[in-house]
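Thanks for making time this morning. I would like to walk through one model with you, beginning with its charged pairs and ending with its core; please have a look at it first.

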Amino acid sequence: MSQLSIWKWVNVEAGERVPLLWSFFYFFCLLCGYYMLRPVRDEMAIEGGVQHLPWMMTGTFLSLLLATPLFGLLSACLPRARLMLSVYAFFIGHLLLFFAAMKAQWHPEWIARAFFVWLSVFNLFVVSVFWSFMADVFSPAQGVRLFGVIAAGGSTGAIAGPVLTTGVTYLFPVPSLMLVSAGGLAICGGCIYRLDRWAAAHSAHGNATGEVPLGGSMWAGIRAVAASPYLLGICAYLFLLTMSATVLYMEQAALVGREIPSPEARTRLFAGLDFIVNVLTFVMQVWVTNRLVVRFGLGAALLVLPLVTAAGFAAIVVSPLLPVFLTLTVARRVGEYAIAKPAREVLFTVLNREDKYKAKNFIDTAVSRGGDASTGWLVSGVKALGATTGMMAGALVPLMLVWGWIGWRLGRQEAELQRGSPPPQ
């Protein structure tokens with residue numbers, strides 16, 4: 001296929017090619033660095049005891065509650081590019097600290113727990129900030145066409161990450177992964193600079209204000225969410241997504257821990273799942289996502305993942321076996337990363353600049369990890385009362401249908417906002 005045919009297939013206009021490539025490469029480096037570290041985190045979760053997961057999830061949630069207003073304060077004072085670079089410099093510093101602590105073997109059990117919490121915070125925070133930046137740089141119409149392709153850059157990085165992990169750990173000890181990941185974040189900084197310059201030069205898209213700090217207060221994002229039915233709907237969609245993912249993750253982790261006794265075998269299983277998910281996700285993002293959204297709308301795209309999850313939990317009710325869990329995990333993650341995630345990010349393109357950063361960051365971090373923490377304790381509680389995996393899966397099926405209805409309604413609301421009308425109440 002010729003280069004011209006490729007651009008035409010992915011529905012990219014001539015003036016959008018350069019920023020699209022920078023955005024693709026930016027997300028590649030970001031998720032490559034994260035997926036290098038993800039198999040280590042998943043193995044630490046089992047080694048530390050699945051029964052302790054609610055505590056670690058709660059630690060993640062509390063960390064994000066602290067980080068959200070601090071990010072709001074920074075975004076009120078700093079221009080767009082400096083804000084982004086400050087966030088990435090902060091996490092690069094932490095990676096260097098983890099490298100030093102792991103090399104020194106200082107209290108390894110506490111470093112392992114801290115790393116689990118930190119990586120969970122890191123993933124949500126940097127990805128949320130990335131998509132805030134994308135929603136600010138590109139218009140709503142561009143987002144519909146381009147966000148699926150940009151997301152494919154992340155999937156490519158997610159494929160490369162586990163491969164790099166295997167290669168690096170054959171040559172160097174595990175702490176060296178921290179340095180490689182930090183290098184990837186530093187490259188992201190260069191991409192941020194180039195995209196910010198492009199946005200400033202294309203003020204016709206409404207991006208010239210990127211040089212001006214957002215202003216407002218550190219709590220503006222939380223207040224905006226509380227006052228907006230549209231943002232509350234996004235919160236509900238994300239909360240139900242997180243709830244279903246957490247139940248699946250905890251039950252699958254317990255099952256893997258019982259059926260696969262070797263830590264090495266479990267790590268290989270998790271890395272293999274990541275590889276399969278990311279290959280399928282990349283194919284979907286490049287060839288399916290933008291065409292699905294353009295043809296059927298955001299509502300249909302946001303409906304796909306809830307329906308897949310409802311069907312998966314129904315299958316677990318009938319047969320709560322490890323292959324069923326693994327199949328649902330793959331299907332869910334492909335549906336989320338390839339379709340639901342790009343579609344969900346388009347929902348933010350119709351907001352004002354302050355909400356794109358502050359409200360979005362609160363939703364993506366505190367709401368998401370709040371769902372993790374509350375669901376973790378809920379699962380532990382109902383299992384202590386004697387609930388089985390099949391019973392929990394059966395109770396979740398109707399909730400997944402409610403989740404799908406919320407997604408469909410959000411798609412309608414986004415279309416109304418893009419036309420300049422208030423969303424339906």
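Let me start with two side chains, E345 and K341, both of which are buried, where buried means under 20% relative accessible area, exposed means over 50% and partly exposed is in between, with a 1.4 Å probe and protein chains only. They form a salt bridge with their closest N and O atoms 2.7 Å apart, a salt bridge being a side-chain nitrogen of Lys or Arg within 4 Å of a carboxyl oxygen of Asp or Glu. Because E345 and K341 are 4 residues apart in helix α12 (residues 322-346), about one helical turn separates them; helices here are DSSP runs of H or I with at least four residues, numbered from the N terminus.

I should say at once that this is a predicted model, in which local features need pLDDT of at least 70 and side-chain atom pairs count only at pLDDT 80 or more, while totals for chains, interfaces and linings use all residues. Residues are numbered from 1 along each chain as its sequence is written, and side-chain values use heavy atoms, leaving out hydrogens and water.

The structure holds 7 salt bridges, and another of them joins R80 to D196 at 2.8 Å, N to O. That pair links distant parts of the chain, since R80 is in helix α4 (residues 80-104) and D196 is in helix α7 (residues 176-201), 116 residues apart. R80 counts as buried at 2% relative accessibility, and D196 is likewise buried, with a relative accessible area of 2%. R80 and D196 also belong to a network of salt bridges that includes D136 and R197.

How exposed are the partners in the salt bridge between K383 and E251, whose closest N and O atoms are 3.3 Å apart? K383 is partly exposed, with a relative accessible area of 36%, whereas E251 is buried at 8%.

Turning to the core, the largest nonpolar core has 124 residues, and Y26, Y88 and M134 have the most contacts inside it; such a core is a set of buried Ala, Val, Leu, Ile, Met, Phe, Trp, Tyr and Cys residues joined through side-chain atoms within 4.5 Å. Its largest share, 19 residues, comes from helix α5 (residues 108-137). Leaving aside neighbours within four places in sequence, Y26 is in contact, meaning heavy atoms within 4.5 Å, with residues including M84, Y88, F130 and M134.

Notes: Helix = DSSP H or I, 4+ residues; strand = E, 2+ residues; numbered from the N terminus.
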